[in-house]
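Let's take a walk through this protein together, starting with the ligand and then moving on to a handful of residues elsewhere. Have the picture open while you read.

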Amino acid sequence: MILNKVYTLVFLRNEQQILLGLKKRGFGVNKWNGFGGKVEPKEEILDAAVRELKEECCMSVRKHNLKNIGNLQFTFEGEALMMDVRVFSATSFVGDPEETEEMLPKWFDYDKIPFEDMWLDDKLWFPYLLKDKLFYGRFHYQGYDKILNYTIQELNSM
Ligand SMILES: Cc1cc(-c2ccco2)c2oc(N)nc2c1
């Protein structure tokens, strides 16, 4: 029995850089990632994406400026959980990123993305994000540091 749980992941971008956050506690601690988290019951996914971004780095984005660019589904050997991560990017946003209890935000040049301090799957699908291609990926982890198998494909529409 697979327990499907929906998460959001937001990447803010400009021509030169992408905003990542270093997770300071909890799931994925000490890894750089986009901003996001759980979608609350009865919460719309886009509203959750906007909320989590604000909570985690004090940046504001309007729902209609969030583009759903990908879907990543994570399963874990021996566990019933499936993390259904909806990936968004935005190039229009307001504010300056601020450190919170959850995240330390930092702008990275596209050729200096710290993959060695990110989830192992990121280097597999970031090329799609960086080329503005839509993607769907499934990754089966053993623990948090080993990918047993995966599939990834470019999509023509989400
Ligand atoms: C297993 C896993 C989970 C997440 C995640 C949790 C909440 C939002 O994303 C990831 O994010 C990335 N980039 N790789 C990830 C792997």
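A quick bit of vocabulary before we start: a polar contact is a pair of N or O atoms within 3.5 Å. Keep in mind, too, that what you are looking at is a predicted model.

## Around the ligand

Which side chains have an N or O atom 3.0 Å or 2.9 Å from an atom of the ligand? For asparagine 33, the partner is an oxygen atom of the ligand, and the distance is 3.0 Å. For aspartate 121, the partner is a nitrogen atom of the ligand, at 2.9 Å. Aspartate 122 joins in as well, with a polar side-chain atom 2.8 Å from a nitrogen atom of the ligand. On its own the ligand would expose 370 Å², and the protein buries 95% of that.

Where does the ligand sit? The space it takes up is the largest pocket. Several elements each give two or more residues to the shell around the ligand: β1 (3-13), β4 (67-76), β5 (81-90) and α2 (122-130). If you want to click through the surrounding residues, they include Tyr7, Leu9, Phe27, Phe74, Phe76, Met83, Val85, Trp119 and Trp125. Asn33, Asp121 and Asp122 are on that list too.

## Phenylalanine 74, one of the ligand's neighbours

Let's stay with one member of that shell. Phenylalanine 74 is part of strand β4, and it is among the residues around the ligand. Is phenylalanine 74 buried or exposed? Its relative accessibility is 10%, so it counts as buried, because the cut-off for buried is under 20%.

Leaving out neighbours within four places in sequence, phenylalanine 74 is in contact with Leu81, Met82, Met83, Val85, Asp121, Phe139 and Tyr141. Met83, Val85 and Asp121 also turn up around the ligand. Here's something to try on your screen: find phenylalanine 74 and isoleucine 147, which sit 73 residues apart along the chain, with their C-alpha atoms separated by 9.9 Å.

## Histidine 140 and its partner

Next up is strand β7 (residues 134-141), which is home to histidine 140. This histidine has a relative accessible area of 17%, so it is buried. Which side chain makes a polar contact with the side chain of histidine 140? That would be glutamate 77, at 2.4 Å.

Glutamate 77 has company. Once neighbours within four places in sequence are set aside, histidine 140 also touches Thr75, Phe76, Lys146, Ile147, Leu148 and Asn149.

## Two buried residues in helix α1

Now move over to helix α1 (residues 45-57), where you will find glutamate 52. Alanine 48 lies in helix α1 as well. Glutamate 52 has 9% relative accessibility, so it counts as buried. Alanine 48 comes in at 0% and is buried too.

What do these two touch? Skipping residues up to four places away in sequence, glutamate 52 touches Thr8, Gly36, Gly37 and Lys38. For alanine 48, with nearby sequence neighbours left aside in the same way, the contacts are Thr8, Lys38, Val39 and Glu43. To link this helix back to the ligand, look for aspartate 122: alanine 48 is 74 residues from it in sequence and 22 Å from it in space, C-alpha to C-alpha.

## The loops on either side of α1

The loop between β3 (32-33) and α1 holds lysine 42. It has a positive phi of about 70 degrees, although it is not a glycine. With a relative accessible area of 91%, lysine 42 is exposed.

Between α1 and β4 there is another loop, and cysteine 58 is found there. Cysteine 58 isn't a glycine either, yet it has a positive phi of about 65 degrees. Its relative accessible area is 24%, which means it is partly exposed. Valine 61 lies in the loop between α1 and β4 too, but it counts as buried, at 8% relative accessibility. Beyond residues up to four places away in sequence, valine 61 touches Val50, Leu53, Leu66, Ala90 and Ser92. As a last stop, compare valine 61 with aspartate 132: they are 71 residues apart along the chain, and their C-alpha atoms are separated by 19 Å.

Definitions and conventions:
Residues are numbered from 1 along each chain as its sequence is written. This is a predicted model: local features need pLDDT of at least 70, side-chain atom pairs count only at pLDDT 80 or more; totals for chains, interfaces and linings use all residues. Side-chain values use heavy atoms; hydrogens and water are left out. Helices (H or I, at least four residues) and strands (E, at least two) are DSSP runs, numbered from the N terminus. Buried means under 20% relative accessible area, exposed over 50%, partly exposed in between (1.4 Å probe, protein chains only). Contact means heavy atoms within 4.5 Å. A residue is near a molecule or strand if one of its heavy atoms lies within 4 Å of it. A polar contact is a pair of N or O atoms within 3.5 Å; within protein, one must be able to donate a hydrogen and the other to accept it, and residues adjacent in sequence count only if both atoms are side-chain atoms. Accessible areas come from the Shrake-Rupley method with a 1.4 Å probe; for residues, only the protein chains shown count as cover. On a 1 Å grid over the protein atoms alone, a cavity is a set of points where a 1.4 Å probe fits but cannot get out, and a pocket is an open set with protein on both sides within 12 Å along at least five of seven lines; lining residues have an atom within 4 Å of a point. A molecule sits in a cavity or pocket if more than half of its atoms lie within 2 Å of its grid points.
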